[in-house]
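Subject: Structure handover and notes

Dear colleague,

I am passing on the structure that I have been looking through, and I would be glad if you kept it open while you read the notes that follow it.

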Amino acid sequence: MTQAQTETVAEEIRPGRTRWGVFTAILAVPALVVAGLIALLVAWLFTDDSVDAGVRKVSCAEAFAYGGAKPPTGARDLTCVLEAAQDPRYEARFRLRRDEVSAWVAASYPDGPGLRNVQCGGGADIEACMNRGPVAGQSSSVQVEVTYDGSNWSEVRFVAFTL
């Protein structure tokens with residue numbers, strides 16, 4: 001037997017198709033989900049929950065008008081907020097000369113009731129209070145609590161709300 005000489009032909013080398021694209025896509029989906037969860041966690045940690053609590057500053061004329069009163073003249077440190085829940089609740093805090101508080105309450109609510117020194121349920125530091133339910137033409141109730149701040153000044157908390 002004779003041996004035939006064979007010619008060696010070089011094979012053309014073509015790059016093979018790899019599956020790295022599929023592998024990367026499979027890994028990218030969980031990585032993006034984890035990155036999204038981390039972003040949500042960071043956003044949750046850095047947001048202030050009290051900002052969206054429904055409490056915002058309002059004009060004091062609006063707060064007192066809701067309770068059927070006028071802002072007292074000579075009041076200091078006057079701040080007014082609205083707590084917007086199911087029903088609005090206005091709150092005003094201010095300082096007023098001690099001898100002017102009763103006159104302001106009497107001028108705001110001439111048909112009574114006036115300030116009283118008994119049965120003020122807000123604590124031992126409350127010296128005078130007034131609770132007024134809704135009257136004809138009004139839908140709001142009013143609470144006034146007075147604490148004395150020294151011999152000349154009173155801290156007053158005015159709250160107007162609906163029942």
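To begin with one pair of charged side chains, arginine 93 forms a salt bridge with glutamate 91, and their closest N and O atoms are 2.8 Å apart. Please keep in mind throughout that this is a predicted model. The two partners are covered to unlike degrees: arginine 93 counts as partly exposed at 44% relative accessibility, whereas glutamate 91, at 10%, counts as buried because that value is under 20%. As general background, side chains of opposite charge can pair when their charged atoms come close.

This pair also belongs to a wider arrangement, since Glu83, Arg89, Glu91, Arg93, Glu145 and Arg157 are linked in a network of salt bridges. The structure as a whole holds eight salt bridges, and I would like to describe two others.

One of them joins arginine 95 to aspartate 149, with 3.3 Å between the closest N and O atoms. This pair links distant parts of the chain, for arginine 95 lies in strand β3 (residues 88-97) and aspartate 149 in strand β5, 54 residues apart. Arginine 95 is partly exposed, with a relative accessible area of 21%, and aspartate 149 is likewise partly exposed, at 32%.

The other is formed by the side chains of arginine 132 and aspartate 111, which meet at 3.2 Å, N to O. Arginine 132 lies in strand β4, while aspartate 111 sits in the loop between α3 (101-108) and β4, so this salt bridge ties together parts that are 21 residues apart in sequence. Is each partner buried or exposed? Arginine 132 is buried, with a relative accessible area of 8%, but aspartate 111, at 59%, counts as exposed.

The strands named so far are best understood through the sheet. Six strands form an open sheet in the order β1-β2-β3-β6-β5-β4, and their pairing is antiparallel. β1 (55-57) and β4 stand at the edges and have a single partner strand each, so one side of each is left without a neighbour in the sheet. Neighbouring strands of this sheet are turned against each other by 15° on average, if direction is ignored. In general, strands of a sheet pair through backbone hydrogen bonds, either parallel or antiparallel.

Why, then, can β4 be described as largely enclosed by the rest of the structure? Four of the five residues of this strand (residues 128-132) are buried, so β4 is largely enclosed, as the question says, even though it is an edge strand of the sheet. Five bridges join β4 to strand β5 (residues 140-149), and the two run antiparallel; methionine 130 stands opposite valine 144 in β5. On the next pairing along, β5 and strand β6 (residues 153-162) are joined in the antiparallel sense over 10 bridges, and within β6 the bridge partner of valine 142 is alanine 160.

Finally, please look at the nonpolar side chains on the surface. Val34, Ile38, Leu41, Val42, Trp44, Leu45 and Phe46 make a nonpolar surface patch of about 770 Å². Valine 42 is found in helix α1 (residues 20-46), and this residue is partly exposed, with a relative accessible area of 40%.

With best wishes

Conventions: Residues are numbered from 1 along each chain as its sequence is written. This is a predicted model: local features need pLDDT of at least 70, side-chain atom pairs count only at pLDDT 80 or more; totals for chains, interfaces and linings use all residues. Side-chain values use heavy atoms; hydrogens and water are left out. Buried means under 20% relative accessible area, exposed over 50%, partly exposed in between (1.4 Å probe, protein chains only). Two strands pair if DSSP finds at least two bridges between them. Axes are lines fitted to C-alpha atoms, for helices over the stretch in contact, and angles run from 0 to 180 degrees between N-to-C directions. Patches are made of residues with over 30% relative accessible area and no salt bridge: like charges are joined within 9 Å, nonpolar side chains (Val, Leu, Ile, Met, Phe, Trp, Tyr) within 5 Å. Accessible areas come from the Shrake-Rupley method with a 1.4 Å probe; for residues, only the protein chains shown count as cover. A salt bridge is a side-chain nitrogen of Lys or Arg within 4 Å of a carboxyl oxygen of Asp or Glu.
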